[in-house]
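Good morning, colleagues. I would ask you to look at the sequence and the fold on the screen before I begin.

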Amino acid sequence: MRGCSPVTFANSQPKIDPTALFKLSYGLYVITVGDEKDNGYISNTVFQVSENPTRIAVSCQKNNLSREIIEKTGILNVSVLTEDVPFEVIRHFGMQSGRDVDKFADFKETQRASNGVLYLSDFANAFISLKVISSLDLDSHILFICDITESKVLGSNDSCTYAHYHKSVKPKF
């Protein structure tokens, strides 16, 4: 921002408390993709970036198999998870690689959107189908800017926020 500079004091550097980022409001989503293989991953970074036309941004780690599929096909779906999502769904899509397992082999709570890509039919209150129009390299992640091609409300349960996940879904060890 023009005219703004960090405040520094003699012999000190600004402190970064990473837990401050937990105060930002995030949702929790399963991003699904498909080509020769269906795949999906957990994301907390999906947001509307414009109204007319309505565009959505989705972030994906560069090392994800899903990122490769998105770059190849240019299509993806977002399933908006609900507060009743069990930890097993989060673990299943977020804590193992699609390079090592078929994430949909034993996961049957899905349907196919008109774009041919699966979306979750359970533990989701909406799905949104997207077509990539541009991307931005963010070093560790790629941010995909997308047009909406289809969307549907699946239920009325409250959306799961990242804060709710940490408070009520994630196991306490």
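In which loop is Asp 139 found? Asp 139 sits in the loop between E8 and E9. Please bear in mind throughout that this is a predicted model.

Let me stay with that turn for a moment. E8 and E9 form a hairpin, with 3 residues between the two strands. Asp 139 is not a glycine, and yet its phi is positive, at about 70°. Is Asp 139 buried or exposed? With a relative accessible area of 66%, Asp 139 is exposed. The two strands of the hairpin pair in the antiparallel sense over 11 bridges. Within that pairing, Ala 126 stands opposite Val 153 in E9.

E9 has a further partner. E4 and E9 also pair in the antiparallel sense, here over 7 bridges. One of the residues involved is Gln 61, whose bridge partner in E9 is His 141.

I turn now to other points of backbone geometry. Which peptide bond is cis? The bond from Asn 52 to Pro 53 is cis, with omega near 5°. Pro 53 belongs to the loop between strand E3, residues 46-51, and E4. A positive phi is also found at Phe 123, near 60°, again in a residue other than glycine. Phe 123 lies in the loop between strand E7, residues 118-120, and E8. Its relative accessibility is 28%, so Phe 123 counts as partly exposed.

Phe 123 leads us to Thr 82, since the two are in contact. Thr 82 is found in the loop between E5 and H2. Is Thr 82 buried or exposed? Thr 82 is buried, with a relative accessible area of 2%. Leaving aside neighbours within four places in sequence, the contacts of Thr 82 are Phe 123, Ala 124, Asn 125, Asn 157, Asp 158, Ser 159 and Cys 160. Thr 82 and Lys 170 are 88 residues apart in sequence, and their C-alpha atoms are 14 Å apart in space.

Next, the interior. As a general matter, nonpolar side chains in soluble globular proteins tend to be buried together. How many residues does the largest nonpolar core have in this model? The largest nonpolar core has 21 residues, and those with the most contacts inside it are Ile 31, Val 58, Leu 76, Val 78 and Leu 130. Two or more residues of this core come from each of E1, E4, H1, E5, E8 and E9. E8 gives the most, with 4 residues. To take one member, Val 78 is in contact with Tyr 29, Val 30, Ile 31, Val 46, Val 58, Ala 126, Phe 127, Ile 128 and Leu 130, leaving aside its neighbours within four places in sequence. Apart from this core lies another, of 15 residues, among them Leu 28, Val 89, Leu 120 and Cys 160.

Helix H1 deserves a closer look. H1 spans residues 65-73, and its buried residues are Leu 65, Ser 66, Arg 67, Ile 69 and Ile 70. What covers these residues? The cover includes strands E1, E2, E4, E5, E8 and E9. After H1 comes Gly 74, whose phi is positive, near 75°.

A word on the cysteines. How many disulfides does the structure hold? The structure holds 0 disulfides. For Cys 60, the nearest cysteine sulfur is that of Cys 146, 11 Å away. A disulfide would require the two sulfur atoms to be within 2.5 Å. Cys 60 is buried, with a relative accessible area of 0%. Cys 160 is likewise in no disulfide; the nearest cysteine sulfur, that of Cys 60, is 19 Å away. At 1% relative accessibility, Cys 160 counts as buried.

Finally, the largest pocket. Which residues lie nearest its centre? The pocket is lined by 30 residues, and Tyr 41, Ile 42, Ser 43, Gln 61 and Asn 64 are the ones nearest the centre. Its volume is about 620 Å³. The elements that give two or more residues to the lining are E2, E4, H1, helix H2 (87-94), E9 and helix H3 (162-169). E2 gives the most to this lining, with 5 residues. Gln 61, which I mentioned earlier as the bridge partner of His 141, is thus a residue to locate again on your screens. Thank you for your attention.

Technical notes
Residues numbered from 1 in each chain as written. Predicted model: local features only at pLDDT ≥ 70, side-chain atom pairs only at ≥ 80, totals over all residues. Heavy atoms only, no water. Buried < 20%, exposed > 50% of the residue type's maximum accessible area, 1.4 Å probe, protein only. Contact = heavy atoms within 4.5 Å. Core = buried A, V, L, I, M, F, W, Y, C linked by side-chain atoms within 4.5 Å. Pairing = 2+ DSSP bridges. 1 Å grid on protein atoms, 1.4 Å probe; cavity = no way out; pocket = protein on both sides within 12 Å on 5 of 7 lines; lining within 4 Å. Points joined across faces, edges and corners; volume = space filled by probe spheres on them.
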